[in-house]
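Here are my notes on the model, point by point. Please read them with the structure open.

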Amino acid sequence: MSRIPRSLLGALVGVTALLTTGALATPAGAAPAPGSGAEVGAAAQERARDFWTPARMRAAAPLDLLTVDGHFEGGSAPRTGARTTVAPTDVGVQAFPSGGTAWTGGGAVVSTAGRVFFTYQGRTASCSGNAVTSANKSTVITAGHCVKLEGAWHTNWVFVPGYHDGQAPHGRWTATRTLATPQWTASEDINYDIGAAVVAPLGGQLLTDVVGGQGLAFNTGYNLPMYAFGFPAAAPYDGEKFIHCSGNTSRDFLLSNDHGMTCNMTGGSSGGPWFTRFDEATGTGLLSSVNSFKYNFLPNRMYGPYFGTDAQNLYQAAQSS
């Protein structure tokens, strides 16, 4: 889409980024290399793992809301290619649609999804993320602003799959590398708000050998039924419950090229997975987007970036690390 001046966007609308504080597929077409955060050494990984105590995880509180003036430049539409899917790694029916209720269906998603914790501008912060099938068995997909924001890469980054009530039933997995799409890395273009992390082994085991991994789908098109998951921590949620939304999605007709879904999740749900072809009985699906932003005047509608060629390239770079 054409570039929209910041001044006009600021007058039109605010955008909320859903953040909280206190092998396999071959990419289609050439693309800029995904942006990579600083490599994380073994000592820093150990410090990050120790830093995130149950008390600190519970205390991660919502950031101030981000506005469109600082995070949306009306960037180009996501590049597309051939539809590509990656199968999941395997280790009662919910109501459809759902606007934001606790997930009680069980299945693989309960262990593959988790909370993401990190330090942002000296404050403790949280997002959501999900383990995916990958060549290195160590790849987590999340939102771009959950690895980098306001020009700086986050530190003390850990993934806690299956998080609940301040507990880490499958451990705290520290990032050895964080990445984002080149467009998010360069200008934090909300159309490309997609991030990834490669996590270190824990107790001699690799992430998806422990919790499994969801599949992925790229270039799926629009107007599909999807399920979204996350750990919202801003009111009325508290970050301790695993929440889901489900419904038929549509393409954003306002200022982005994202998918849109009716969903009440709040800050802290950023980076949580959106699935196509989700099986409620097994809790598995194809990760096709992530929780990204809301318009201030549409608080009950969530938006997630289109997984096109650059998202596919990011996944390839992460799983090859």
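1. Gln316 sits in helix 8; helices here are DSSP runs of H or I with at least four residues, strands are runs of E with at least two, and both are numbered from the N terminus. At 22% relative accessibility, Gln316 is classed as partly exposed. The classes are buried under 20% relative accessible area, exposed over 50% and partly exposed in between, using a 1.4 Å probe and protein chains only. Ala135 is 181 residues away from Gln316 in sequence, yet the two C-alpha atoms are 9.0 Å apart.

2. A word on the basis. This is a predicted model, in which local features need pLDDT of at least 70 and side-chain atom pairs count only at pLDDT 80 or more, while totals for chains, interfaces and linings use all residues. Residues are numbered from 1 along each chain as its sequence is written, and side-chain values use heavy atoms, with hydrogens and water left out.

3. How much of helix 8 is covered? Helix 8 spans residues 309-319, and 9 of its 11 residues are buried. The buried set starts with the run Thr309, Asp310, Ala311, Gln312, Asn313, Leu314 and Tyr315. Ala318 and Gln319 are buried as well.

4. Strand 9 (residues 139-142) is covered on both faces. Thr139 and Ile141 are buried on one side. Val140 and Thr142 are buried on the other.

5. Which strands pair with strand 9? Pairing requires at least two DSSP bridges between two strands. Strand 8 (residues 123-131) runs antiparallel to strand 9, with 2 bridges. There, Asn130 stands opposite Ile141. Strand 14 (residues 195-199) also pairs with strand 9 in the antiparallel sense, over 4 bridges. Val140 has Ala197 of strand 14 as its bridge partner.

6. Ser128 belongs to strand 8. Its relative accessible area is 1%, so Ser128 is buried. Contact means heavy atoms within 4.5 Å. Leaving out residues up to four places away in sequence, Ser128 touches, among others, Gly114, Arg115, Val116, Thr142, Gly230 and Phe231. The run Gly268, Ser269, Ser270, Gly271 and Gly272 is also in contact with Ser128.

7. What lies 2.9 Å from a polar atom of the Ser128 side chain? The backbone oxygen of Gly268 does. A polar contact is a pair of N or O atoms within 3.5 Å; within protein, one must be able to donate a hydrogen and the other to accept it, and residues adjacent in sequence count only if both atoms are side-chain atoms. Asn291 is 163 residues from Ser128 in sequence and 8.6 Å away, C-alpha to C-alpha.

8. Why is strand 12 described as largely enclosed? Strand 12 covers residues 155-161, and 5 of its 7 residues are buried, so the rest of the structure largely encloses it. Strand 7 (residues 113-120) pairs with strand 12 in the antiparallel sense over 5 bridges. Val116 is bridged to Phe159 in strand 12. Strand 13 (residues 173-180) is also antiparallel to strand 12, over 2 bridges. Here Val158 has Thr174 of strand 13 as its bridge partner.

9. Val109 lies in helix 5 (residues 109-112). Val109 is buried, at 0% relative accessible area. Residues up to four places away aside, Val109 touches Trp103, Gln214 and Gly283. Phe229, Phe242, Phe275 and Phe278 also touch Val109. Gly212 is 103 residues from Val109 in sequence, with 8.9 Å between their C-alpha atoms.
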